[in-house]
Amino acid sequence: ASIHDRMPAILEPAAVSRWLDPNAAGAEPLLALLRPYAAEDLVVYPVSPRVNQVTYDQPDCVIAVPEEGNLSLFP
């Protein structure tokens with residue numbers, strides 16, 4: 001939430017198969033997988049504002065850009 005109020009769910013690698021299991025018995029066991037991801041395992045860097053365009057779906061969306069100007073999500 002410190003970066004955006006709609007942060008994605010980031011699962012531990014060991015939890016992915018449980019998350020995707022079509023035979024999961026209800027939502028309760030899956031909700032336990034939704035917890036904060038270890039901050040020390042994440043890397044935060046600025047990216048192009050093109051990521052805000054829903055129609056722009058290119059690999060360069062994840063390339064770091066220099067920290068210049070307004071980096072706000074909502075300019």
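Begin by selecting Arg50, which, at 35% relative accessibility, counts as partly exposed. Keep in mind from this first stop onward that the model on the screen is a predicted one.

With Arg50 still highlighted, add Asp60 to the selection, since Arg50 forms a salt bridge with Asp60 in which the closest N and O atoms are 3.3 Å apart. Both Arg50 and Asp60 lie in the segment after helix 2, so the pair ties together parts that are 10 residues apart in sequence. Asp60, like its partner, counts as partly exposed, in this case at 23% relative accessibility. There is no need to look for further pairs of this kind, as a search of the whole structure finds 1 salt bridge.

Next, move the selection to Pro46, which is also found in the segment after helix 2, the helix that covers residues 28–31. Is Pro46 buried or exposed? With a relative accessible area of 19%, Pro46 is buried, because the term applies to values under 20%. Now select Ala64 together with Pro46 and display their C-alpha atoms, which are separated by 5.6 Å although the two residues stand 18 residues apart along the chain.

From there, turn to helix 1, which is made of residues 16–20, and pick out Trp19, which is found in this helix. Trp19 is partly exposed, with a relative accessible area of 33%. Then widen the selection to Val16, Trp19, Leu20, Leu31 and Leu34, which together make a nonpolar surface patch of about 460 Å². Which element gives the most to this nonpolar patch? The answer is helix 1, which contributes 3 residues.

To finish, clear the selection and show the whole protein chain, first as a cartoon, where the secondary structure comes to 2 helices and 0 strands. Switching to a surface view, you are looking at an accessible surface of about 6,500 Å², of which 59% belongs to carbon and sulfur atoms. How much of the protein chain counts as buried? Of its 75 residues, 11% do, and Pro46, visited earlier, is a buried residue. If you then display contacts across the protein chain and consider those with a separation of 6 or more, residues 24 or more positions apart account for 28% of them.

Methods: Residues numbered from 1 in each chain as written. Predicted model: local features only at pLDDT ≥ 70, side-chain atom pairs only at ≥ 80, totals over all residues. Heavy atoms only, no water. Patch = residues over 30% accessible without salt bridge, like charges linked within 9 Å, V, L, I, M, F, W, Y side chains within 5 Å. Areas by Shrake-Rupley, 256 points an atom, 1.4 Å probe, with all protein chains shown as cover. Salt bridge = Lys/Arg side-chain N within 4 Å of Asp/Glu carboxyl O. Helix = DSSP H or I, 4+ residues; strand = E, 2+ residues; numbered from the N terminus. Buried < 20%, exposed > 50% of the residue type's maximum accessible area, 1.4 Å probe, protein only. Contact = heavy atoms within 4.5 Å.
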